[in-house]
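Got your viewer open? Here is a walk through the model, one selection after another.

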Amino acid sequence: MWGGRFSEATDSFVAAFTASVGFDQRFARHDIEGSIAHATMLGQCQILTSDEVDTIISGLQQVLSEIEAGEFNWSITLEDVHMNVESRLTDIVGAVGKKLHTGRSRNDQVATDIRLWLREETDNIIALLVRLQSGLLDLAEQHTTTIMPGFTHLQTAQPVSFGHHVMAWFEMLYRDTERLVDTRRRINQLPLGSAALAGTTFPIDRTITAELLGFEGICQNSLDAVSDRDFAIEFTSNASILMMHLSRMSEEIILWMSAQFNFVQIPDRFCTGSSIMPQKKNPDVPELVRGKAARVFGQLMTLLSLMKNQPLAYNKDNQEDKEPLFDCVDTLTGSLLAFADMLPNITPNIDAMRDATMKGYATATDLADYLVRSGVAFRDAHEVVGNAVALAIEEGVDLSDLSLAQLQQFSDAIGDDVFDYLTLEGSLAARNHLGGTAPNQVKQAVVNGRARLKVFA
């Protein structure tokens, strides 16, 4: 492979140690697509004849057919996917196959392959995100009036609807989708034509190659083009934020499925049992996703550490970028597939959620707001309600169970209409503004969400 420069063969261990074909064969289809476009461009620029181009493309298509049929013989001695494909091409079409590498290097070739592959995977992940978000919109729409406690510090804070909570998950994922769409634009830049690092002396036209491969831009500096992995790091950063969101959702589902909460159930097909405790239904899928988030975070650190001390331009270190990126994509894709099937099929325990909301004095803020509307300064209202809560705790009752006389001993601004504001339904309905938990606002948020998702269709 190295021609006449070397006086002895590569050590067998070194050959195996430095080879990447064991994992970069995953790029085979993209490598061949890139080679077909490159050959087509060479023909249009009259660097190769039309017959040579036709022969090369026909041979590459045969190579792809062999790979897809599982009939291709991958060789570790040929080091990587690029040399394996080129060697087999030359076997098929003869010496003309050796002309394919005119005007390019494996440096710009692999940079092109990884961008083609990651662009496709990003599109798949965006589609999964849209599917998951669509399912969440359906779930939220079904439960705009289902009341549950909203928490801060994992303590009961104020009543919210289950639909409102689900729409919070939707917003997290919507930002993730926006980030991936934006990152895709930076992934979708053509490095091919940069050759090893300085460009090529042949009169190539990179715009032809970019158009053939569907790139929306061309890398503007050959040194940067072959050594840049920012797009992979950016993708993995986005994936880490997305997995962090899935992990937060997982944590809530795990808590809510416990006997102590008993807020929701997920279908049995997403759970397992215990080998010793027959009563157990373990939320394995959310637990695994929570754990896999750490794995994706680790891949981000791997890529950052890999790139942090590399001088321009390409270095062999960059062979180590693929396996972390592959694992990141696989982990994220699997997690999204599981969640897209599981989350929309959550069944809330409506009675348990309502009972839990009644236990934490969730309407205390509503009472304070009531007093403010009656002319009491908020800080004074805060103290009044604190005293009322203390009495309710002493009595072992909810605020709404205190008598009017008991409430009025803390403030004469309290009238007999106060109980309209201490019901859970009244609390939800009162938050009737954009982003609030009032049922009609949640319904409108679902409508808006469906319209917003169409941008990604």
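Contact, on this tour, means heavy atoms within 4.5 Å. Keep in mind that the model is predicted.

**Stop 1: Thr357**

Start by selecting Thr357, which sits in helix α13, residues 350-358. Is Thr357 buried or exposed? Thr357 is buried, because its relative accessible area is 0% and buried means under 20%. Now show what surrounds this side chain. Leaving aside residues up to four places away in sequence, Thr357 touches Ile147, Met148, Pro149, Thr156, Pro159, Ala362 and Leu424.

**Stop 2: the β1-β2 loop**

Next, pick Leu154, in the loop between β1 (147-152) and β2 (155-161). Look at the backbone here: Leu154 is not a glycine, yet its phi is positive, near 60 degrees. Most residues other than glycine have a negative phi.

**Stop 3: the big core**

Now for the nonpolar interior. The largest nonpolar core has 86 residues. Which residues have the most contacts inside it? Select Phe235, Leu246 and Leu343 to see them. As for helices, α6 (residues 106-142) gives the most to this core, with 13 residues.

Stay on Leu246 for a moment. Not counting residues up to four places away in sequence, Leu246 touches Leu132, Leu173, Val289, Ser335, Leu336 and Phe339. There is also a second, separate core of 20 residues, and Val384, Val385, Leu402 and Ile414 are among its members.

**Stop 4: Phe339**

From Leu246, hop to Phe339 in helix α12, residues 322-342. Phe339 has a relative accessible area of 0%, so this residue is buried. Apart from residues up to four places away in sequence, its contacts are Leu132, Leu246, Met249, Ser250, Pro286, Val289 and Pro344. If you'd like to try the distance tool, go from the C-alpha of Phe339 to that of Glu33: they are separated by 33 Å, with the two residues 306 apart along the chain.

**Stop 5: α6 and its partners**

Color α6 and bring in its packing partners one by one.

*With α10.* Add helix α10, residues 230-257. The two axes come within 12 Å and cross at roughly 20 degrees, which means that α6 runs roughly parallel to α10. The crossing is left-handed. On the α6 side, show Ile114, Arg115, Leu118, Thr122, Ile125, Leu129 and Leu132; on the α10 side, the residues they meet are Phe231, Ala232, Phe235, Leu242 and Leu246. By class, this contact divides into 10 nonpolar residues, 1 polar and 1 charged.

*With α7.* Swap in helix α7, residues 162-187, whose axis comes within 9 Å of that of α6. How do α6 and α7 run, parallel or antiparallel? They cross at roughly 165 degrees, so the two helices are roughly antiparallel. α6 passes α7 in a left-handed crossing. Coloring by class gives 19 nonpolar, 4 polar and 6 charged residues in this contact.

*With α18.* Last comes helix α18, residues 439-453, packed at about 165 degrees to α6 with the axes 10 Å apart. That angle makes the pair roughly antiparallel, and the crossing is left-handed. Show Val130, Gln133, Ser134, Leu137, Asp138, Ala140 and Glu141 of α6, which meet Val446, Gly449, Arg450 and Leu453 of α18. This contact counts 5 nonpolar, 3 polar and 3 charged residues.

**Stop 6: α14 under cover**

Move along to helix α14, residues 364-373. Which of its residues are buried? Ala364, Asp366, Leu367, Ala368, Tyr370 and Leu371 are. To see what covers them, turn on α15 (378-395), α16 (404-408) and α17 (424-430), which are included in that cover. Following α14 is Gly375, with a positive phi near 105 degrees.

**Stop 7: two more backbone oddities**

Zoom in on the loop between α11 (284-307) and α12, where you'll find Ala313. The peptide bond leading from Leu312 to Ala313 is cis, with omega near 5 degrees. Most peptide bonds are trans.

Finish at Gln46, in the loop between α3 (28-44) and α4 (50-68). Its phi is positive, about 60 degrees, although Gln46 is not a glycine. Turn on the surface here: Gln46 is exposed, with a relative accessible area of 72%.

Key. Residues are numbered from 1 along each chain as its sequence is written. This is a predicted model: local features need pLDDT of at least 70, side-chain atom pairs count only at pLDDT 80 or more; totals for chains, interfaces and linings use all residues. Side-chain values use heavy atoms; hydrogens and water are left out. A nonpolar core is a set of buried Ala, Val, Leu, Ile, Met, Phe, Trp, Tyr and Cys residues joined through side-chain atoms within 4.5 Å. Buried means under 20% relative accessible area, exposed over 50%, partly exposed in between (1.4 Å probe, protein chains only). Helices (H or I, at least four residues) and strands (E, at least two) are DSSP runs, numbered from the N terminus. Axes are lines fitted to C-alpha atoms, for helices over the stretch in contact, and angles run from 0 to 180 degrees between N-to-C directions. Angles under 35 degrees count as roughly parallel, over 145 as roughly antiparallel, 65 to 115 as roughly perpendicular and the rest as oblique. A crossing is left-handed if the near helix is turned anticlockwise from the far one by less than a right angle, and right-handed if clockwise. Ala, Val, Leu, Ile, Met, Phe, Trp, Tyr, Cys and Pro count as nonpolar, Asp, Glu, Lys and Arg as charged, and the others, Gly among them, as polar.
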